[in-house]
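Biologist: Could you walk me through this fold and show me how each label is earned?

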Amino acid sequence: MLTTSTQTNPTRSGFNWPAPLENLSDIKVVLFDLDGTLHDDPRITDFYARVLEEEMVDGTGRGLQNEVADVIQGRHPAAQIGSFVEPSRGIAISAPHWVAEKALDWNGNPVSLLDDSLLGPIQHDGALRYLGDQWQIIGALAARRGANAHILRDAFVRARRFGNDPSTTLIRSEYLDEVLHRLSQGRRFLLATNTTEELARPLVDRLRLQPPFEIIRFDARKPAGCSELISHAREQWNIAPSEILVIGDNLWNDLLPPAEQGCRTVHIDPLGTDRAARWSSARFDNFAAFAAALKELPDEC
């Protein structure tokens, strides 16, 4: 079954969206995310966390993996799945409608946001880090502990190279070919990932994505880059936003900007960031559930 919102869609920046995904009749372009969507391997993010825990100076990384687990399992006193973190101040921001509503220090004590620059709508280019997937959770928690951009980048590169190593057995979803075949009939495929081509191309090649994708955008700079790619597709193929379906696991990076442009969106949501499906056309706990629902989704109205 499709999980769609049964209530009036919430608003952000004055827009009502997104429309539910009731059939595939109008969809002409499908834009996929890579990590967490077409491919999901917890060994790679575990490697990322382990490298940071071991390499951060003066033992500041000690316990990072346990703290990440606390966030994912809902035990952390401040940082929750789907919230934001301001690493330099060590505070967590609750923004259920993408507007900062309340803040907690790292021990869970309330922090006033009155007369604070963080108060109001969350900006994609601001200082806050969204806790929307495991990569983001690990990076935000490490940054809160003092990891700088160089340390985070080095750990990320090492994790990606671990996943790309031929000696690392590829975990490929048994439903991947089924989903791509179901969606490919008469439609164009696009892929966007924030990872550079050097680090992501080996994974894309190993996944053997069929049919071939017309555009693969590496180093896509999502979320802003996602909107740019959609605009490019609209101009190149003369299609409307409602004819584009975007599939991803991260609301903030993958799905909110396309939804604001009028695209349909599918949220693969294993962490449960939006169980009520308030912010997507359809939501699924995992890729297998999405594959099952596609079998029942009609091609026509």
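**Strands and helices, label by label**

Modeller: Let's start with two strands: E14 (residues 264-268) pairs with E15 in the parallel sense, over 3 bridges. Keep in mind that this is a predicted model.

Biologist: What makes E14 and E15 a pair?

Modeller: Two strands count as paired when there are at least two bridges between them. E14 and E15 have 3 bridges, so they qualify. In this region, His-267 stands opposite Arg-283 of E15.

Biologist: And what holds paired strands together in general?

Modeller: Strands of a sheet pair through backbone hydrogen bonds, in either a parallel or an antiparallel way.

Biologist: Which strands make up the sheet, and in what order?

Modeller: The open sheet has 6 strands, ordered E12-E11-E3-E13-E14-E15, with parallel pairing.

Biologist: Why are E12 and E15 said to stand at the edges?

Modeller: Strand E12 (215-217) and strand E15 (282-284) each have a single partner strand, so one side of each has no neighbour in the sheet. From one strand to the next, the twist averages 15 degrees.

Biologist: Which helix packs on this sheet, and which strands does it touch?

Modeller: That is H8, which touches strand E3 (29-33), strand E13 (244-248) and E14. The direction of H8 makes about 165 degrees with that of E13.

Biologist: H8 also packs with H7. Why is H7 called oblique to H8?

Modeller: Helix H7 (residues 224-237) and helix H8 (residues 251-261) pack at about 45 degrees, with axes 8 Å apart. Roughly parallel needs an angle under 35 degrees, and roughly perpendicular runs from 65 to 115. The angle of about 45 degrees fits neither range, so H7 is oblique to H8. Their crossing is right-handed.

Biologist: Which residues meet there?

Modeller: From H7 come Cys-226, Ser-227, Ile-230 and Ser-231, and they meet Asn-253, Asp-254, Pro-257, Pro-258 and Gln-261 of H8. The residues of this contact divide into 4 nonpolar, 4 polar and 1 charged.

Biologist: How do you know that H2 and H3 are oblique to each other?

Modeller: The axes of helix H2 (residues 64-72) and helix H3 (residues 134-144) come within 10 Å and cross at roughly 125 degrees. Roughly perpendicular stops at 115, and roughly antiparallel means over 145. Roughly 125 degrees falls outside both ranges, so H2 and H3 are oblique. The crossing of H2 and H3 is right-handed.

Biologist: What makes up the contact of H2 with H3?

Modeller: The residues include Leu-64 and Val-68 of H2, and Ile-137 and Leu-141 of H3. By class, the contact divides into 8 nonpolar, 1 polar and 2 charged.

Key:
Residues are numbered from 1 along each chain as its sequence is written. This is a predicted model: local features need pLDDT of at least 70, side-chain atom pairs count only at pLDDT 80 or more; totals for chains, interfaces and linings use all residues. Side-chain values use heavy atoms; hydrogens and water are left out. Axes are lines fitted to C-alpha atoms, for helices over the stretch in contact, and angles run from 0 to 180 degrees between N-to-C directions. Helices (H or I, at least four residues) and strands (E, at least two) are DSSP runs, numbered from the N terminus. A crossing is left-handed if the near helix is turned anticlockwise from the far one by less than a right angle, and right-handed if clockwise. Contact means heavy atoms within 4.5 Å. Ala, Val, Leu, Ile, Met, Phe, Trp, Tyr, Cys and Pro count as nonpolar, Asp, Glu, Lys and Arg as charged, and the others, Gly among them, as polar.
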